[in-house]
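Here are my notes on the model you sent, set out as numbered points. I have kept to what the coordinates give and have tried to group the remarks by region.

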Amino acid sequence: MKTLVQRALAVSAACALAFSGVSAASAAAVPASVHNVGIVAAKKTAPVTIKKIGNKTVKGSAKATVKPSYSKAKNVQIKSALLKVTKGKKTVAKNKKSVKLAAGSYKVTTTVKYKAKGKTSTVSKTQSLQVKKASTKRSVKMNGKATQCPAGYPVKGNRTGSKKEWKYHVPNGAFYARTKPEECFKNTSDARKAGYRASKR
């Protein structure tokens, strides 16, 4: 009886050793580094990317010229790049290589037809576009209390006494930062026309 028990224990031990050996071998077959590697999908570069068309500024009754804006990957052939422009519900232009637009708010759709790897495809993008009129004002009246001029009017007109003593200051001038203007101008020419003279410093 004792002998049978010993044999049974010996067989069990052998089986356990055999199975543990298989498990160890399997674990050893897979490098530890594999468990720590993240799978990251390669990011594909689009054959054609349509870029944003910047807002435009025009003077008076002039019109802004708008053209398709895009970039393409290497070895991509552009077949056509066309614009469709709407203003509200009205179509202003369709299938145009360039468009001249007066001041206003528009929706511009750029459509690019291209060929890549022997296959012809099309990509489109619609974006908003503002065409603004440039300001015709030569100066902005101030209250003589603030030291900052509005954007686009950097020249400070300072009235220190009689009209002959009116001076204008330009950025980086010695007294520019602390001057509280009564009037701000687009440029020094407009300041002189209004009766101001250049500050000596």
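1. A term has to be fixed before the sheets are described: two strands are taken to pair if DSSP finds at least two bridges between them. With that in hand, one open sheet consists of 5 strands in the order E10-E13-E11-E12-E14, and its pairing is mixed. Its edges are formed by strand E10 (139–141) and strand E14 (197–198), each of which pairs on one side only.

2. Please keep in mind throughout that this is a predicted model. The protein chain has 201 residues, of which 23% are buried, and its secondary structure amounts to 2 helices and 14 strands. Where contacts link residues at least 6 apart in sequence, 57% of them join residues at least 24 apart. The accessible surface is about 14,400 Å², and carbon and sulfur atoms account for 55% of that area.

3. Within the sheet of the opening point, how is strand E11 placed with respect to the rest of the structure? Of the 5 residues in strand E11 (residues 155–159), 4 are buried, so this strand is largely enclosed by the rest of the structure. Strand E11 is antiparallel to E13, with 3 bridges, and also antiparallel to E12, with 4 bridges. Two positions illustrate these pairings: valine 155 stands opposite phenylalanine 185 in E13, while arginine 159 has tryptophan 166 of E12 as its bridge partner.

4. Glutamate 183, which is found in strand E13, deserves a separate look as a charged residue in a covered position. Its relative accessible area is 5%, and because the cut-off for a buried residue is under 20%, glutamate 183 counts as buried. The side chain of glutamate 183 makes polar contacts with two other side chains, that of lysine 141 at 3.3 Å and that of arginine 159 at 3.2 Å. Lysine 141 is also the bridge partner of glutamate 183, in keeping with the antiparallel pairing of E10 and E13 over 3 bridges. Beyond its neighbours within four places in sequence, glutamate 183 is in contact with residues including Ser139, Val140, Met142, Val155, Gly157 and Tyr196.

5. Tyrosine 176 belongs to the loop between strand E12 (166–169) and strand E13 (183–185). Is this loop residue buried or exposed? Tyrosine 176 is buried, its relative accessible area being 16%. Not counting residues up to four places away in sequence, tyrosine 176 touches Pro154, Lys156, His169, Val170 and Pro171. Its side chain reaches the backbone oxygen of proline 154 at 2.5 Å, a value that a colleague may wish to look at in the coordinates. Glutamine 148 lies 28 residues from tyrosine 176 along the chain, and the C-alpha atoms of the two are separated by 9.8 Å.

6. A further open sheet has 5 strands in the order E2-E9-E8-E5-E6, again described as mixed in its pairing. Here the edge strands are strand E2 (56–58) and strand E6 (90–96), each pairing on one side only, and the twist from one strand to the next averages 25°. Strands E5 and E8 pair in the antiparallel sense over 9 bridges, and one of the residue pairs is threonine 86 with its bridge partner in E8, lysine 107.

7. Which residues of the largest nonpolar core touch the most other members? That core has 13 residues, and the ones with the most such contacts are Val85, Leu101, Val108, Leu129 and Val131. The elements giving two or more residues to this core are strand E3 (64–66), strand E5 (77–87), strand E7 (99–101), strand E8 (104–116) and strand E9 (119–133). Apart from this core lies another, of 7 residues, among them Val48, Ile50, Tyr114 and Ala116. In soluble globular proteins, nonpolar side chains tend to be buried together.

8. Leucine 129 gives a closer view of the largest core, in which it is one of the members touching the most others. Leaving aside its neighbours within four places in sequence, leucine 129 is in contact with Ile53, Gly54, Asn55, Val66, Leu101, Gly104, Ser105, Tyr106 and Val108. Among these contacts, Leu101 and Val108 are also named with leucine 129 as core members that touch the most others.

Terms used:
Residues are numbered from 1 along each chain as its sequence is written. This is a predicted model: local features need pLDDT of at least 70, side-chain atom pairs count only at pLDDT 80 or more; totals for chains, interfaces and linings use all residues. Side-chain values use heavy atoms; hydrogens and water are left out. A nonpolar core is a set of buried Ala, Val, Leu, Ile, Met, Phe, Trp, Tyr and Cys residues joined through side-chain atoms within 4.5 Å. Buried means under 20% relative accessible area, exposed over 50%, partly exposed in between (1.4 Å probe, protein chains only). Contact means heavy atoms within 4.5 Å. A polar contact is a pair of N or O atoms within 3.5 Å; within protein, one must be able to donate a hydrogen and the other to accept it, and residues adjacent in sequence count only if both atoms are side-chain atoms. Axes are lines fitted to C-alpha atoms, for helices over the stretch in contact, and angles run from 0 to 180 degrees between N-to-C directions. Accessible areas come from the Shrake-Rupley method with a 1.4 Å probe; for residues, only the protein chains shown count as cover.
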